[in-house]
Amino acid sequence: MSKWRSLGNGILTMITKIGSGCWHIMDPQNGYTAISKQTLEVLDLDSIYPYYGYCNDMLVKLNTFNMRIEDVVMPSRYGRETSKIRYSKYIQKVAPMLSTGFYGV
């Protein structure tokens with residue numbers, strides 16, 4: 001992972017921990033999510049943030065419903081592919097969503 005990407009990931013992880021209250025989650029940006037049928041029935045899936053920040057938004061909503069959240073370590077593996085995410089734009093989109101979730105607005 002490039003230094004820039006690592007820095008962006010770290011900033012988003014901290015913002016997500018603050019916004020969601022899920023302090024034990026190490027990498028909420030990894031995009032890997034396993035969820036039970038019972039939890040799916042509780043969540044309003046149409047209200048989940050539609051952009052890359054969906055996993056961050058789900059953490060906020062799951063914490064609101066006091067659902068159990070587990071962190072499963074998964075190493076990042078990058079080959080020759082390049083990410084299309086631009087953290088400067090991504091943070092501008094996801095940070096307000098997390099703030100809204102945190103304040104319950």
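Select C55 first, and display its sulfur together with that of C22. In this predicted model, the sulfur of C55 has its closest cysteine counterpart in C22, 12 Å away, which is too far for a bond. A disulfide is a covalent bond between the sulfur atoms of two cysteines. The cut-off applied here is a sulfur pair within 2.5 Å, and the structure holds zero disulfides. C22 is accordingly in no disulfide, the sulfur of C55 being the nearest to its own. Colour both residues by accessibility: C22 counts as buried because its relative accessibility is 3%, and C55 is buried as well, with a relative accessible area of 8%.

Remain at C55 and extend the selection to helix 3, which covers residues 54-64. How many of the eleven residues of helix 3 are buried? Eight are, so the helix is largely enclosed by the rest of the structure. To show them, select C55, N56, D57, M58, L59, V60, K61 and L62.

Two members of that list, K61 and D57, deserve a closer view. Draw the distance between their side chains: they form a salt bridge, with the closest N and O atoms 3.0 Å apart. Why are K61 and D57 separated by about one helical turn? They lie four residues apart in helix 3, which accounts for that spacing. An α-helix has 3.6 residues a turn, so residues three or four places apart point the same way. Both partners of this salt bridge, K61 and D57, are buried.

Now move past the helix. N66 follows helix 3, and its phi is positive, near 55°.

Next, select R68 and E70. A search of the whole structure finds two salt bridges, and the pair formed by E70 and R68 is one of them, with the closest N and O atoms 3.6 Å apart. Are its partners buried or exposed? E70 is exposed, with a relative accessible area of 55%, and R68 counts as exposed at 74% relative accessibility. By contrast, K61 and D57 are both buried.

For the last stop, turn to helix 1, residues 3-20, and select I11 within it. At 37% relative accessibility, I11 counts as partly exposed. Add W4 and L7 to the selection and switch on the surface display. Together with I11, these residues form a nonpolar patch on the surface, with about 320 Å² of accessible area between the three.

Definitions and conventions: Residues are numbered from 1 along each chain as its sequence is written. This is a predicted model: local features need pLDDT of at least 70, side-chain atom pairs count only at pLDDT 80 or more; totals for chains, interfaces and linings use all residues. Side-chain values use heavy atoms; hydrogens and water are left out. Buried means under 20% relative accessible area, exposed over 50%, partly exposed in between (1.4 Å probe, protein chains only). Patches are made of residues with over 30% relative accessible area and no salt bridge: like charges are joined within 9 Å, nonpolar side chains (Val, Leu, Ile, Met, Phe, Trp, Tyr) within 5 Å. Accessible areas come from the Shrake-Rupley method with a 1.4 Å probe; for residues, only the protein chains shown count as cover. A salt bridge is a side-chain nitrogen of Lys or Arg within 4 Å of a carboxyl oxygen of Asp or Glu. Helices (H or I, at least four residues) and strands (E, at least two) are DSSP runs, numbered from the N terminus.
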